[in-house]
Amino acid sequence: MKKHHAQKLVILSIIILLLFNIPFVLIFNIDGNVLGFPTLYFSIFSIWLVSIIVSYIVLNRYYE
């Protein structure tokens with residue numbers, strides 16, 4: 001893997017760290033449901049799923 005693509009994964013992990021920070025997570029701590037799940041759980045697992053998909057795309061496309 002080239003250094004440039006490794007930097008993309010580092011940037012992705014920093015973004016994930018910021019998104020899982022307490023002030024941002026507490027934005028979604030409201031009463032209500034999304035598809036039958038509490039909003040907080042839905043937002044956490046959605047961010048997690050998107051981060052897995054993005055890292056898979058980066059690794060799959062640029063793996064050498």
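Student: Why is Phe 28 called partly exposed?

Tutor: Its relative accessibility is 28%. Buried means under 20% relative accessible area, exposed means over 50%, and partly exposed is what lies in between (1.4 Å probe, protein chains only). Since 28% falls between those two limits, Phe 28 counts as partly exposed.

Student: How do you know these coordinates can be trusted?

Tutor: This is a predicted model, so local features need pLDDT of at least 70 and side-chain atom pairs count only at pLDDT 80 or more, while totals for chains, interfaces and linings use all residues. Residues are numbered from 1 along each chain as its sequence is written, and side-chain values use heavy atoms, with hydrogens and water left out. Here pLDDT is the predictor's confidence in each residue, from 0 to 100. The chain averages 85, and 92% of its residues reach 70 or more. Among the elements, helix 2 (residues 22-25) has the lowest mean, 84, and strand 2 (residues 37-38) the highest, 89. Where pLDDT is low, don't read the predicted coordinates in detail.

Student: What makes a stretch a helix or a strand here?

Tutor: Both are DSSP runs, numbered from the N terminus: helices are H or I with at least four residues, strands are E with at least two. By that rule the chain has three helices and two strands, in the order α-α-β-β-α. Phe 28 itself lies in the loop between helix 2 and strand 1.

Student: What does Phe 28 touch beyond its sequence neighbours?

Tutor: Contact means heavy atoms within 4.5 Å. Leaving aside neighbours within four places in sequence, Phe 28 is in contact with Thr 39, Leu 40 and Ser 43. Tyr 41 is 13 residues along from Phe 28, with 8.7 Å between their C-alpha atoms.

Student: How many aromatic pairs are there?

Tutor: The rings of Phe, Tyr and Trp (its six-membered ring) pair if their centres lie within 6.5 Å; planes under 30 degrees apart are stacked, over 60 edge-to-face, and the rest tilted. The count comes to two. In one of them, the ring centres of Phe 24 and Phe 28 are 5.5 Å apart with planes at 75°, so the pair is edge-to-face. Phe 24 is partly exposed, at 29%.

Student: Why is the pair of Phe 45 and Trp 48 called tilted?

Tutor: The centres are 5.8 Å apart and the planes meet at 45°. That angle is neither under 30 nor over 60 degrees, so the pair lands in the tilted group. Both residues are in helix 3, three residues apart, about one turn of the helix. Phe 45 is partly exposed at 49%, and Trp 48 is partly exposed at 47%.

Student: How do you know whether Ser 51 is buried or exposed?

Tutor: Its relative accessible area is 10%, which is under the limit for buried, so Ser 51 is buried. Ser 51 is in helix 3 and, not counting residues up to four places away, touches Leu 12 and Ile 16. A polar atom of its side chain lies 2.6 Å from the backbone oxygen of Trp 48.

Student: And why does Thr 39 count as buried?

Tutor: Thr 39 has a relative accessibility of 10%, again under the limit, so it counts as buried. Thr 39 lies in helix 3 (residues 39-62). Setting aside neighbours within four places, its contacts include Phe 28, Ile 30 and Gly 32. The backbone oxygen of Gly 32 is 3.1 Å from a polar atom of the Thr 39 side chain.

Student: What makes Leu 35 stand out?

Tutor: Leu 35 has a positive phi of about 55° although it is not a glycine. Most residues other than glycine have a negative phi. Leu 35 sits in the loop between strand 1 (33-34) and strand 2, and at 73% relative accessibility it counts as exposed.

Student: How does the chain's radius of gyration compare with that of a compact globule?

Tutor: The radius is taken over C-alpha atoms, and the globule rule is 2.2 Å times the number of residues to the power 0.38. A compact globule of 64 residues would come out near 11 Å, but this chain has 15 Å. Its C-alpha trace spans about 45 × 25 × 5 Å along the principal axes. Of the 64 residues, 14% count as buried.

Terms used: Polar contact = N/O pair within 3.5 Å; in protein donor to acceptor, adjacent residues only side chain to side chain.
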